[in-house]
Structures are given as structure tokens and as C-alpha cells.
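User: I am new to this structure and would like a close look at the part where the chain begins. Please describe it carefully, and then place it within the rest of the chain.

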Amino acid sequence: AGPSNYFFCEKLDSYVGFISPISDHFCQTCNRIRVTSNGIVYPCLGDNNSVNLNPILEKQTEDELLEELKNVIFKKPEKHFFNINEKSYIKKRFMNTTGG
């Protein structure tokens, strides 16, 4: 139920999923956020914005954490702005450090 297109590879006896953000615009149906192991939330892998949850986790209640996560979800960008001609739209992080 995500943005991947899955293909079965007989040689590996496994499914392989591909996310194609340039040719398959799935932003309107995206239901994902990423939380890294160090407490940073990325509402969109194709956007530079993030929220540090550590201050909330250290000092606030579970209700306040849920409220912040709701804010992150409701403020997700409408779409990504990838440009195939740019070297890297995402600044200050590599996709493999964000997870997915």
C-alpha cells in the first residue's frame, strides 16, 4: 500500500520494489513519514524540511508528541520538486541515511 511498484525476480525468488518519483508522481497518495534513529522526522524524502523530536521526547507528554506528529503530517508538502537535471535537490543529507 505504498509508492513502490513490485516485480518478482525468479532468480532470487523474491520481490523487488522500485519507487519512481520522476516518472510516477505518487505524492497525492503518499502516506509515509520517516523517523530516524536519532529522533529526526522527515515528512517527505523529496523535501529538505525536518523536525527534531528530541526536545519533545525529553520534556513533554505523549499527547504533545502526538500533536507534533499530527502537525508534521498535515504540513507534508503537496509534492516533491525533484529536477532530473539537478545533481542533488536534497541538501545536507544522503537518502540512505534517512531510511525508507
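**The start of the chain and its setting**

Analyst: Cys9 is partly exposed, because its relative accessible area is 26%, and, like every value that follows, this figure comes from a predicted model. The neighbouring residue Phe8 belongs to strand 1, which covers residues 5-9. Phe8 also counts as partly exposed, because its relative accessibility is 43%. Together with Tyr6 and Tyr15, Phe8 forms a nonpolar patch on the surface, and the accessible area of these three residues taken together is about 410 Å².

After strand 1 the chain passes into a loop that leads to strand 2 (14-18), and Asp13 lies in this loop. Asp13 counts as exposed, because its relative accessibility is 60%. Its backbone deserves a second look, since phi of Asp13 is near 50 degrees, a positive value in a residue that is not glycine. As a rule, most residues other than glycine have a negative phi.

Further on, strand 2 contains Gly17, which is partly exposed because its relative accessible area is 38%. Although Gly17 and Ser4 are 13 residues apart along the chain, their C-alpha atoms are separated by 5.3 Å.

To place this region in the whole, it helps to follow the order of the elements. The protein chain has 5 strands and 3 helices, and from the N terminus on they run β-β-β-β-β-α-α-α, with the strands ahead of the helices. Of the 100 residues in the protein chain, 23% are buried.

Cysteines also occur beyond the opening strand, which raises the matter of disulfides. A disulfide is a covalent bond between the sulfur atoms of two cysteines. Cys30 is a useful case, because the closest cysteine sulfur, in Cys44, is 6.6 Å from its own, too far for a bond, when a disulfide requires sulfur atoms within 2.5 Å. By this rule the count in the model comes to 0 disulfides. Cys30 is partly exposed, because its relative accessible area is 28%.

A contrast to the nonpolar patch appears in the helical part of the chain, where helix 2 spans residues 62-74 and includes Glu64. Glu64 counts as partly exposed, because its relative accessibility is 37%. Glu64 gathers with Glu62, Asp63 and Glu67 in a surface patch of negative charge, whereas the patch that includes Phe8 is nonpolar.

Key. Residues are numbered from 1 along each chain as its sequence is written. This is a predicted model: local features need pLDDT of at least 70, side-chain atom pairs count only at pLDDT 80 or more; totals for chains, interfaces and linings use all residues. Side-chain values use heavy atoms; hydrogens and water are left out. Patches are made of residues with over 30% relative accessible area and no salt bridge: like charges are joined within 9 Å, nonpolar side chains (Val, Leu, Ile, Met, Phe, Trp, Tyr) within 5 Å. Accessible areas come from the Shrake-Rupley method with a 1.4 Å probe; for residues, only the protein chains shown count as cover. A salt bridge is a side-chain nitrogen of Lys or Arg within 4 Å of a carboxyl oxygen of Asp or Glu. Lys and Arg count as positive and Asp and Glu as negative; His and the chain ends are not counted. The place of a charge is taken as NZ of Lys, CZ of Arg, CG of Asp or CD of Glu. Helices (H or I, at least four residues) and strands (E, at least two) are DSSP runs, numbered from the N terminus. Buried means under 20% relative accessible area, exposed over 50%, partly exposed in between (1.4 Å probe, protein chains only).
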